[in-house]
Amino acid sequence: MTYSSPVASPPVLGFRELNAQPHETFAEYRSIVPFLKREDGAHLLLRGHDVQRFVKDPKTKQLETELLYARGITAGPLVELAANSMLFSNGEVHRRRRQAMAKCFSFSLMEHVRPEVRRLAQGIIDSHAYAEGFKLRDDFAAAIPAVTLAAILGISQSDIPLFTSLAYRVSKVLTTSWGAEDVPEMEEATRQLVSYCEDLMAERRREPQDDFLSRYVASVDANADLSPAEAVMQLVSVVLGGTDTTRAAIVIQTGLLLERPDIWSAIQENDNLIAPAVAESLRLEPAVASIPRLVVEDIDIEGHMIPRGSVLLLSTMSALRDPLQFPHPGEFDLHRERPRWHPVYGDGEHRCLGQALAQVELEEALRALIKSRRSLRMDNQTLRVSGHAGIRQVEEIIVQFA
């Protein structure tokens with residue numbers, strides 16, 4: 001299969017049309033145009049090789065405060081977060097902010113966290129195994145990143161509900177599913193979460209421990225390159241990056257597998273298939289549908305111009321079903337040949353810092369469900385995932401233990 005030559009200018013589609021059936025829409029246009037234009041002016045890049053290229057191309061950069069400014073938010077907690085976070089920075093500023101945290105998030109260090117995540121996931125399952133209805137999203141998937149981060153940061157068990165609530169409310173800023181009416185609540189939650197993280201860091205300075213947070217504080221204090229505001233915002237960034245995305249991905253992978261009982265049974269018999277099952281779930285229905293970039297130099301793709309200053313959405317959702325990169329893309333294939341680094345985590349200097357931790361959480365969440373003493377079933381429900389860009393939304397699924 002090859003792409004055909006574009007026969008017309010990339011069409012302009014509305015949010016409603018894109019959200020209705022995004023996979024079908026992307027498949028329809030991917031072979032004839034390299035990108036779609038959205039009604040808000042953003043350009044949605046569709047093809048696997050283009051997404052792979054422009055996630056690192058110097059003609060684009062990470063969005064900083066531009067989207068907040070475009071929405072009329074020019075000061076306050078959300079702007080302070082964006083102005084000081086590695087999530088919203090580029091070049092040397094981004095490298096400086098990321099460096100202190102990167103040392104604490106290596107794959108080898110995150111593997112040391114795996115037994116604790118396994119214990120936490122199994123504990124949640126055990127506490128709900130005899131319930132009439134088990135809320136897969138709110139009782140299980142939302143709890144995994146929350147209790148994992150709490151364990152890593154040394155948060156008191158009694159603080160977990162507050163910490164979780166703040167993290168999910170602030171993490172809306174990473175999505176496109178908020179409007180002007182949401183800003184006051186998001187700003188207040190940001191104030192509280194920043195204050196909470198400041199208190200955690202101050203506590204570790206007074207009483208260091210053998211844990212992640214103490215290592216981070218020591219790294220920050222030994223490196224004068226970070227301002228106090230930057231130091232705390234990197235911690236807030238880690239909290240935000242590991243909440244909504246992981247919650248959605250856990251629900252999605254469980255729903256996909258419960259709809260495929262033959263694959264579920266195969267994984268039960270061979271837990272070496274857990275990691276491939278997680279990877280294939282992320283490909284088939286990614287929790288993060290796109291990576292936003294700002295175009296800093298005019299881009300020409302097959303004769304179609306994307307002008308400087310445009311928002312470019314790199315559609316991982318479309319790229320991961322591009323048949324030129326993933327043959328038979330609609331099939332769930334545990335033995336599919338995959339790139340070493342999963343494209344859903346991005347690439348280049350902005351590759352997801354928490355990838356190692358996310359993989360541990362997703363794999364151990366699936367292991368806890370697969371290895372439960374009682375069988376899991378969805379009854380007549382189906383997996384429902386919505387959204388074509390940013391962090392996608394997943395509906396609650398009530399599961400039963402048989």
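**Entry 1. Aromatic rings**

I began with F134, which counts as buried because its relative accessibility is 0%. The model I examined is a predicted one. I then looked up F140 and found 0% relative accessibility there too, so F140 counts as buried.

I searched the whole structure for aromatic pairs and obtained 3 of them. For F134 and F140, I noted ring centres 6.0 Å apart and planes at 65°; planes over 60 degrees apart count as edge-to-face, so I entered the pair under that heading. I also recorded that ring pairs join F134, F140 and F401 in a cluster.

I turned next to F163 and Y196, whose rings form a tilted pair, with 6.1 Å from centre to centre and 45° between the planes. I placed F163 in helix 10 (residues 160-170) and Y196 in helix 11 (residues 183-206); the pair therefore ties together parts that lie 33 residues apart in sequence. I found F163 and Y196 both buried.

I checked for a charge over a ring as well. I found R247 over the face of Y168, at 4.2 Å from the ring centre.

**Entry 2. The sheet with strands 5, 13 and 10**

I traced an open sheet of 3 strands, in the order 5-13-10, with antiparallel pairing. I listed strand 5 (134-135) and strand 10 (376-377) as the edge strands, each of which pairs on one side only. I counted 2 bridges between strand 10 and strand 13 (residues 398-401), which pair in the antiparallel sense. Opposite R377 I found Q400 of strand 13.

**Entry 3. The sheet with strands 1, 2, 3, 9, 6 and 4**

I traced a second assembly, an open sheet of 6 strands in the order 1-2-3-9-6-4, and noted that its pairing is mixed. I recorded strand 1 and strand 4 (60-61) as its edge strands, each pairing on one side only.

I looked up how strand 1 (residues 12-13) meets strand 2 (residues 35-38): the two run parallel and are joined by 2 bridges. I noted K37 of strand 2 as the bridge partner of V12, and R38 of strand 2 as that of L13.

I then followed strand 2 to strand 3 (residues 43-45), where I counted 3 bridges between strands that run antiparallel. Here F35 stands opposite L45 of strand 3. I described strand 2 and strand 3 as a hairpin with 4 residues between them, and I noted that G41 in the turn has a positive phi of about 100°.

I asked which helix packs on this sheet and touches strand 1, strand 2, strand 3 and strand 9 (311-315). I identified helix 2 (residues 22-30), whose direction makes about 125° with that of strand 2.

**Entry 4. Helix 12**

I asked how many of the 10 residues of helix 12 (residues 212-221) are buried. I found 7, so helix 12 is largely enclosed by the rest of the structure. I listed the buried residues of helix 12 as F212, L213, S214, Y216, V217, S219 and V220.

I then looked up what covers the buried residues of helix 12, and my list includes helix 6 (91-102), helix 9 (143-153), helix 11 and helix 13 (228-241). I added a cross-reference to Entry 1, since helix 11 is also where Y196 lies.

Key:
Residues numbered from 1 in each chain as written. Predicted model: local features only at pLDDT ≥ 70, side-chain atom pairs only at ≥ 80, totals over all residues. Heavy atoms only, no water. Phe/Tyr/Trp six-rings, centres within 6.5 Å; stacked < 30°, edge-to-face > 60°. Buried < 20%, exposed > 50% of the residue type's maximum accessible area, 1.4 Å probe, protein only. Lys NZ or Arg CZ within 6 Å of the ring centre and 35° of its normal. Pairing = 2+ DSSP bridges. Contact = heavy atoms within 4.5 Å. Axes fitted to C-alpha atoms, helices over the stretch in contact; angles between N-to-C directions.
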